[in-house]
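Colleague: I've got this model open and I'd like a close look at one part of it. Could you walk me through the place where the first two chains meet, and then show me what lies around it?

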Amino acid sequence: MLSTEALLHISLWHYLALSGILFSFGMIAVLMRRNVIVMLMGIELMLNAVNLSFVAFSKESGNLNGHIMVFFVMTIAAAEAGVGLALAVAIYKKFHEVNIRFFEHLRG
Amino acid sequence: MMEAIGFYSLAIFLIYFAFKTITVPNPIHSALYLVLTMIGLGAAFFNLGAQFIAGVQMIVYAGAVMVLFVMVLMLFDLKAELRSFSRGLFSGGLKVMAAALLAGLAIGAANSSVAILETQDQAKPPMDITRQLGILLYTKYLYAFEALGILLLVVAVGVVAVSRIKGGTHAQH
Amino acid sequence: MNHPLLILTLLLAPVLGFLFNGFRFRTQNNRVAGSVATFAAFVSFLCSFKLYLDLLRRPEESRVFSARFFDWINVGDLHVPFGFAVDQVSAVMILVITGVGTLIHLFSVGYMSHDARPAKYFAYLNLFLFNMLVLVLGDNLLITFVGWEGVGLCSYLLIGFWFTDEQKAAAGMKAFVTNRIGDAGFLIGIFILFFTFGTVNYADLAHMLPATPDMSWTGPLTVATLCLFLGATGKSAQIPLYVWLPDAMAGPTPVSALIHAATMVTAGVYLFVRMSGVLIMAPHTMHVIAWVGALTAFVAATIGVTQWDIKKILAYSTVSQLGYMFLAVGVGAFSAAQFHLMTHAFFKALMFLGSGSVIHAMHEEQDVRKMGGLRKYLPITHTTFVLGWLAIIGIPPFAGFFSKDEILWQAFSSPYGSKALWLIGAMTAAITAFYMTRLMALTFWGKSRFGHDVHPHESPPSMTAPLIILGVLSVIGGWIGIPHVIAEVLPGHPANIFEHWLEPVIAKLPEGHGDAAIEWSLMGISVALAGLSAWFAYDSYVVHEGRTKGIARSFGKFYEAVANKYYVDEFYSAWIITPLVEGAQALWLYIDVNFIDRATYLAGDLVNGMASFAKTVQNGKTQSYALYMALGVVVVMTFVLI
């Protein structure tokens, strides 16, 4: 699997591996960073990684379904980012903090 | 050969920028690195022959979404935070492991199912992508397209509702 | 006439009376409540009479009407229909119950005219009537048990009728609990009989008996009948469970007349007359019954001599006469027992109602030391009471003479009887004559001992009419059971109608020893004894007053013991009740509180602890939750893919 030939000939797997790495980076940002905005950025990163894999698959299978999917994902991600940021602004206005270690109200 | 070099350098850039995104303490720096990541992803899309998507990525993501992020960040009075990462080595390790496992499993799943896809790397579509995308969007995926429009409308209204000030921006407090 | 319909009407009339009065129990209208109840009882009496007439028309072998209303229990091998049967024995019983019952209902209308809750009283009386009829008419042991329990309940309700008085309420409880102990025996007896024979139906049991009697103390028949006898001692107030009957005098006097003289307490006797065939096959039980009956008769009579409350004297007299009935059952003289049951119902109900009339006239005074000379003021009551007195002490030709002498003769001559039993019976007869005459003397004869503010007056006709009717019955009631030896010397040779009537359904014992001469001499001895005792009592209480005080003092401690009922209640309280109560308290403290409560708290604490431990998962941190989700997805994907 890891022969020079395979490494040099760029195929679907390379893009998938790259997408996987980017996805895990995004996930680590969501799980480990405490700033709300950075967490949202991690989510964006995850979505982008998924977009990459969609397009790679689309190229692999030859039809444009992957592109359509990316189109939709992008739109929704943009909408979601907008809402998330509006919420972050509202939180800041109320608590003057965007560090989630102050928001453990659902403890129980 | 050229393809490989191009891909690998792009890959290294993307990984470096993404890593920097998630590890620098200052959120503004984080945002900057994310912008660079998105531009890199745009290049990757272009490499994969998805020109329209590449363009949309640049315009929407790098151009609109990240600007929004930066604007919001500038509303906050942030310095480099203490304790930007969550505490605990064990839980941190666990989280990294979980993320890696998830990604690995996903790719492994793809491994076992992609074999049934038929590859048509020779047949290039005669028309350009944009046109084809347009036709698909307005015929086969019309319903989703319209729903998306409504979603955007609702989101726009919702965002304004969430962040409004009672009495409007010129109200006296 | 449709017999099942008659039986149904017979049973339902009191139920309707109960419902009518029960729903209106707060009313103060005594007349309406009383009239409805008495009418219901009278309807039952008419039905019983009609059934009796119809039975007469049938030939001797097939004198039974049965009615099966529905299948009550159908479990495995146990098939119990809700069935009733009117045959010779139960015909006698229902006539007595409904007849005497109607008279007592009528008496109650006058007696309870000043009570606050007459409708409740009459409802209970009708309910009692219904339950007693179910007891008597049931064609299997379980229906009888239903009626048995029902009359126990009504007895409790009626004894404790004035329950705001704690003593009266306690008397009701004592009756019920003592009854219950007997009922446990009854049930065990039923279980053993069912286990041995596979049926609880009387007719089937009679056919399934073994040919030879059960001669061992642990055989199924002996044990079962002994258990049934324990139930009978509870219900019919024999040793050891008689202690509730004197206390039951706390209830209204007509209740004492109906329940504790004429009907409920005779249920035990009726049960054994019904099961005469089974009982004959258990000779050991018969010996036990005979001796217990004789001893109870004697002991109760001795206590009756020392009592000062008019109702308590009559209560101990009832216990004593019931002892006679069980003595008869024990020696195999079943028809004599049933005969005495009937005549006793007449004269004892008469005397209880008479005492009720006296108490009513004396404004609720019950102590005979405060009475005396009432014959001037209460002529009708006095006359009827005299008839009852003559009947109970056994003077011919009154009713009690025939029945009591039949019992004494059978005790002497039956193969299960013995001279010792006859001797105890005869001595008891003498003592009975003594204390009954004492009662008469202290209440009606002699000088008046009550103050000048008491003005006794005769009772209204609604109360004296039943007295008169019962008085007539006490005179002529015995003439249907004239024994053979007397019948031979009478013109016309009247047959022993009663014994003849009951013959087809009662088991027969082999003929006893003894001839006519001995019978005549025994009769003469008992009449002479009764007369002598009566004369001695009259002399001691009316002519030479004060002699009795001397006699009582000379007996000293023994007199005190008898007057305190041989300290039986105290004995039970100290040796049975207190250990039980304290044992229960100890169990509660050491097992329930320490052990069981701790176990339940432990269970609660365990759940609490586990919850506290599980609670730590919810720490409120978003990233933890996200981590759990990611891990969850990883696990699921692992399972799916591998």
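Modeller: Sure, let's start right at that meeting place. Chain A brings 58 residues to the contact, and chain B brings 69 residues. Keep in mind while you look that this is a predicted model.

Stay on the chain A side for a moment. Three helices there, α2 (12-32), α3 (36-61) and α4 (65-95) of chain A, each put at least two residues into the side that touches chain B. Of the elements of chain A, α4(A) gives the most to that side, with 19 residues. And what kinds of residues are they? Sorted by class, the side of chain A that touches chain B has 41 nonpolar, 12 polar and 5 charged residues.

Now hop across to the partner. Chain B has 6 helices and 0 strands, so if you trace chain B from the N terminus you'll read α-α-α-α-α-α. Of the 173 residues in chain B, 21% are buried. Take the contacts in chain B with a separation of 6 or more: 50% of them join residues 24 or more positions apart. You can also look at chain B by domains: the assignment gives domain 1 (1-78) and domain 2 (127-164). Taken over C-alpha atoms, the centres of domain 1 and domain 2 of chain B are 23 Å apart.

Chain A touches chain C as well. That contact takes 10 residues from chain A and 10 residues from chain C. On the chain A side of it you'll find 6 nonpolar, 2 polar and 2 charged residues.

Since we've reached chain C, have a look at one helix pair inside it. Helix α18 (residues 419-443) of chain C packs against helix α22 (residues 516-543) of chain C at an angle of about 35 degrees, and their axes are 8 Å apart. The crossing of α18(C) past α22(C) is right-handed. If you want to find the spot on your screen, pick out residues of α18(C) including Ala426(C), Ala430(C), Phe434(C) and Arg438(C). On the α22(C) side, the residues in this contact include Ile525(C), Leu529(C), Ser533(C), Phe536(C) and Tyr541(C). Counted by class, the contact between α18(C) and α22(C) has 16 nonpolar, 3 polar and 1 charged residues.

To come back to your starting point: on the side of chain A that touches chain B, look at α4(A) first, as α4(A) gives the most there.

Conventions. Residues numbered from 1 in each chain as written. Chains lettered and ligands numbered in written order. Predicted model: local features only at pLDDT ≥ 70, side-chain atom pairs only at ≥ 80, totals over all residues. Helix = DSSP H or I, 4+ residues; strand = E, 2+ residues; numbered from the N terminus. Buried ≥ 20, exposed ≤ 12 C-beta atoms within 10 Å, placed from the backbone. Contact = placed C-beta atoms within 7 Å. Nonpolar A, V, L, I, M, F, W, Y, C, P; charged D, E, K, R; others polar. Domains from an automatic or database assignment. Axes fitted to C-alpha atoms, helices over the stretch in contact; angles between N-to-C directions. Left-handed = near helix turned anticlockwise from the far one by under 90°.
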